[in-house]
Amino acid sequence: MGQFASAVENGIDNAFIGWADKYWADKRRVEAISTSQIRNVYGSLKRIEMSGDFSNSKLPDVLLFIPRLRYQISRVSGNKKEYFRDFVDEIESAIRSVSSAGEAAELRDRFRRFCQGFEALIAYHRAHGGK
């Protein structure tokens with residue numbers, strides 16, 4: 001389980017914030033992933049979040065981010081593909097942590113933490129020079 005998935009399941013803490021910052025410390029990773037690639041997914045995620053109380057009926061919309069992100073990997077070329085694949089693997093693991101919640105209240109909490117964690121990743125990507 002990745003750090004992001006762990007934060008989704010157990011809560012966002014200082015360890016996750018530190019990891020999110022260090023995740024983008026490698027300039028090659030920052031340059032391999034554009035802000036628009038991240039924001040494309042984030043925009044859809046925010047629409048789901050803003051539509052109201054998250055429930056099992058909205059879970060398929062979140063799960064569909066996985067094939068969308070996998071498709072985006074196929075559009076990345078060269079050595080950037082490795083960094084983008086690593087990023088997608090982190091996001092996919094976190095999405096699967098959301099979907100594995102048993103109770104409705106836990107599902108809502110995990111989705112909320114997923115959104116917060118994604119925001120942290122976007123912020124640190126930008127802070128480390130992401131364009």
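These exercises work through helix geometry, burial, salt bridges and aromatic packing in a predicted model.

**Exercise 1. Check the span of helix α7 against its residue count.**

Step 1. Helix α7 covers residues 80–99, which makes 20 residues.
Step 2. At 1.5 Å a residue, the expected span is 28 Å, because the rule multiplies 1.5 Å by one less than the number of residues.
Step 3. The end C-alpha atoms of α7 lie 29 Å apart, which agrees.

**Exercise 2. Do the check for α8, then say what follows the helix.**

Step 1. α8 has 24 residues.
Step 2. From first C-alpha to last, α8 reaches 35 Å, close to the expected 34 Å at 1.5 Å a residue.
Step 3. Gly129 follows α8, and its phi is positive, near 100°.

**Exercise 3. Place Arg113, classify its burial and list its partners.**

Step 1. Arg113 sits in helix α8, residues 104–127.
Step 2. Its relative accessibility is 11%. The cut-off for buried is under 20%, so Arg113 counts as buried.
Step 3. Look for a polar partner. The Arg113 side chain reaches the backbone oxygen of Val8 at 2.7 Å.
Step 4. Add the contacts, leaving out residues up to four places away in sequence. Arg113 touches Phe4, Ala7, Val8, Glu9, Gly11, Ile12 and Glu106.

**Exercise 4. Treat Ser97 in the same manner.**

Step 1. Ser97 belongs to helix α7.
Step 2. With 5% relative accessibility, Ser97 counts as buried.
Step 3. The side chains of Ser97 and Glu9 make a polar contact at 3.0 Å.
Step 4. Neighbours within four places in sequence aside, Ser97 contacts Ala5, Val8, Glu9 and Arg110.
Step 5. Bring in Exercise 3. Val8 and Glu9 are among the residues that Arg113 touches, and both are also in contact with Ser97.

**Exercise 5. Find which residues of α8 are buried and what covers them.**

Step 1. The buried residues of α8 are Leu107, Arg110, Phe111, Arg113, Phe114, Cys115, Gly117, Phe118, Ala120, Leu121, Ile122 and His125.
Step 2. Their cover includes α1 (3–10), α2 (14–23), α3 (27–32), α4 (35–50), α5 (59–63) and α7.
Step 3. Take Leu121 as an example. Not counting residues up to four places away in sequence, Leu121 touches Phe4, Trp19, Ala20, Tyr23, Trp24, Phe87 and Ile91.
Step 4. Move to the largest nonpolar core, which has 41 residues. Phe4, Phe87, Ile91, Phe114, Phe118 and Leu121 touch the most other members.
Step 5. The elements giving two or more residues to this core are α1, α2, α3, α4, α5, α6 (65–74), α7 and α8.

**Exercise 6. Trace the salt bridges of Arg70 to Asp89 and Glu92.**

Step 1. The model holds 10 salt bridges.
Step 2. Asp89 pairs with Arg70, with the closest N and O atoms 2.7 Å apart. Asp89 is in helix α7 and Arg70 in helix α6, so this pair ties together parts 19 residues apart in sequence.
Step 3. Arg70 also meets Glu92 in a salt bridge, 2.4 Å from N to O. Glu92 lies in helix α7 and Arg70 in helix α6, so the pair ties together parts 22 residues apart in sequence.
Step 4. Classify the three. Asp89 is partly exposed at 36%. Arg70 is partly exposed at 31%. Glu92 is buried at 14%.
Step 5. Widen the view. Arg70, Asp89, Glu92 and Arg96 are linked in a network of salt bridges.

**Exercise 7. Analyse the salt bridge between Glu106 and Arg110.**

Step 1. The closest N and O atoms of Glu106 and Arg110 are 2.8 Å apart.
Step 2. Both residues lie in helix α8, 4 residues apart, about one turn.
Step 3. An α-helix has 3.6 residues a turn, so residues three or four places apart point the same way.
Step 4. Glu106 is partly exposed at 25%, whereas Arg110 counts as buried at 12%.

**Exercise 8. Classify the ring pair Phe84 and Phe87.**

Step 1. The whole structure contains 10 aromatic pairs.
Step 2. The ring centres of Phe84 and Phe87 are 6.3 Å apart and the planes stand at 45°, so the pair is tilted.
Step 3. Both residues lie in helix α7, 3 residues apart.
Step 4. Phe84 is buried at 0%, and Phe87 is buried at 3%.
Step 5. Both belong to one aromatic cluster, which also includes Phe4, Phe16, Trp19, Tyr23, Trp24, Tyr42, Phe114 and Phe118.

Methods
Residues numbered from 1 in each chain as written. Predicted model: local features only at pLDDT ≥ 70, side-chain atom pairs only at ≥ 80, totals over all residues. Heavy atoms only, no water. Buried < 20%, exposed > 50% of the residue type's maximum accessible area, 1.4 Å probe, protein only. Polar contact = N/O pair within 3.5 Å; in protein donor to acceptor, adjacent residues only side chain to side chain. Contact = heavy atoms within 4.5 Å. Core = buried A, V, L, I, M, F, W, Y, C linked by side-chain atoms within 4.5 Å. Salt bridge = Lys/Arg side-chain N within 4 Å of Asp/Glu carboxyl O. Phe/Tyr/Trp six-rings, centres within 6.5 Å; stacked < 30°, edge-to-face > 60°.
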